[in-house]
Amino acid sequence: MADLRSTFAGISSPNPFWLASAPPTDKAYNVVRAFRAGWGGVVWKTLGEDGPPVVNVSGPRYGAIHAQDRRVIGFNNIELITDRPLQVNLQEIKQVKRDWKDRALVVSLMVPCTEDSWKTILAAVEETEADGVELNFGCPHGMSERGMGAAVGQVPEYIEMVTRWCKQHTRMPVIVKLTPNVASILRPAEAAKKGGADAVSLINTVNSMMGVDIDAMTPWPSVGGMATHGGMCGPAVKPIALNMVAEIARHSETRGLPISGIGGIEKWRDAVEFMALGASNVQVCTAAMVYGFRIIEEMTAGLSAWMDEKEYAGVDEIVGRAVPRVTDWQHLNLDYVVKARIDQELCISCGRCHIACEDTSHQAITSMLDGKRHFEVIEEECVGCNLCAVVCPVENCITMVPLAEGEIDRRTGIRVGGQRSWVEHPNNPNAKDPRPAKHAAG
């Protein structure tokens, strides 16, 4: 049976599934429920300085984008860090850790950008015997307007500086949580590594506004008739998160830096994708808020069964397995050719493939044959773009079939074969060693 035990930045947990810093980890009651359900670890909702508690809005804090079946695919929040007293949080963290020694308990932190502020909060957290700290450099709303959160995470020099302070003033592992609201994730990740971070976690929420009530002409969710931008998470941000995780995992300056993957993880397959692209473990928030803590049962059971099927003994064997297959566009093989194929037995003649191709693509799918509705690929026009398969409502009805070596591409008249990227292509004016096609026209 597969071993789901995980070690991340020196922190052990019985499985790689942690709850992210968010409302589900705001107090002992929630965290204990999560541990009883089977979660491997939690990142306690972000703590701030001692003193008057943060004030959150008492109006709507959340908004969502729903699929047609009302499934939440994008989740937005304007909530701030914990509004509970610091000492209450610290006492609860200490007790929970003592009661659940086998689970990972990391504490998220956000304080003003001064060394004394970080030194003070770190000392207080160390006394709880928590396993580590996560520096919240990602919150895009409210706290960023006070010079914290994303206001730090968008400036690599600040990331490096604060990370270095924290490494100097604590024995605990330091995880830096990165904001996706940057031009490139690499500079912030490099800065965290230079500052001595033990790991990074990403992504935090994407700066967003979920919609507008066009009757009231007010964006939503609104508080007293006014609205603000917030942070979006959930399945809609997963592609963004996967790309950023992969970029850090394959970049020469950040390769090897442990990564905790966050963003749209709902099922065990999502977790495998993050781990395959370099994440050592994953953090979940939206799925737990929408479906409850017991989703961990499907996650652990599904991951275990898949690992047994694929003969992976431990989760470490998954980490980074897909990274060697990630590259830049300029290195893709431009001599590789596929054509769409429609399975006529599965086709329901809805016509979506034809309309999408006819209106917006390459006019490569018929709509009629002998006066009847019939959808067939016109190979002379098909570029293998995959649009038809994307819009088709029937799974596996349309597939992309590679042309064999030496076969003639009926669109170009050239025999398929070879391996040329843009770097070697003769159409590239900057190609240093341009090469012709492997086969002449057939």
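**Figure 1. Enclosed spaces in the predicted model.** The count comes to 4 cavities of 30 Å³ or more in this predicted model. The chain that surrounds these spaces contains 12 helices and 22 strands, and its C-alpha trace spans about 75 × 55 × 50 Å along the principal axes. Of the 442 residues in the chain, 50% count as buried.

**Figure 2. Close-up of the largest cavity and its lining.** The largest cavity holds about 460 Å³ of space and is lined by 35 residues, of which S21, A22, N77, N204 and T205 are the closest to its centre. Two or more lining residues come from each of the strands β4 (41-47), β6 (72-77) and β16 (281-284) and from helix α9, with α9 giving the most, namely 3 residues. By class, the lining of the largest cavity divides into 19 nonpolar, 12 polar and 4 charged residues.

**Figure 3. Close-up of the second largest cavity.** This cavity has a volume of about 120 Å³, and among the 17 residues that line it, those nearest its centre are C357, A364, C382, C385 and C388. Helices α11 (352-360) and α12 (387-391) each supply at least two residues of this lining, and the largest share, 3 residues, comes from α11. The lining of the second largest cavity is made up of 13 nonpolar and 4 polar residues, with no charged residue.

**Figure 4. Close-up of the largest pocket.** About 330 Å³ of space lies in the largest pocket, whose lining comprises 20 residues, with L334, D335, V337, D409 and T412 the closest to the pocket centre. The elements that contribute two or more residues to this lining are the strands β17 (338-342) and β22 (414-415). When the lining of the largest pocket is sorted by class, 9 residues are nonpolar, 4 are polar and 7 are charged.

**Figure 5. Close-up of a nonpolar patch on the surface, with helix α9.** Y62, M289, V290 and Y291 together form a nonpolar surface patch with about 330 Å² of accessible area. Helix α9 (residues 286-291) provides the largest share of this patch, 3 residues, and the same helix gives the most to the lining of the largest cavity. M289, one of the patch residues, lies in helix α9 and has a relative accessible area of 31%, so this residue is classed as partly exposed. Membership of a patch requires over 30% relative accessible area, a cut-off that M289 passes with its 31%.

Key:
Residues numbered from 1 in each chain as written. Predicted model: local features only at pLDDT ≥ 70, side-chain atom pairs only at ≥ 80, totals over all residues. Heavy atoms only, no water. Patch = residues over 30% accessible without salt bridge, like charges linked within 9 Å, V, L, I, M, F, W, Y side chains within 5 Å. Areas by Shrake-Rupley, 256 points an atom, 1.4 Å probe, with all protein chains shown as cover. Salt bridge = Lys/Arg side-chain N within 4 Å of Asp/Glu carboxyl O. Helix = DSSP H or I, 4+ residues; strand = E, 2+ residues; numbered from the N terminus. Buried < 20%, exposed > 50% of the residue type's maximum accessible area, 1.4 Å probe, protein only. 1 Å grid on protein atoms, 1.4 Å probe; cavity = no way out; pocket = protein on both sides within 12 Å on 5 of 7 lines; lining within 4 Å. Points joined across faces, edges and corners; volume = space filled by probe spheres on them. Nonpolar A, V, L, I, M, F, W, Y, C, P; charged D, E, K, R; others polar.
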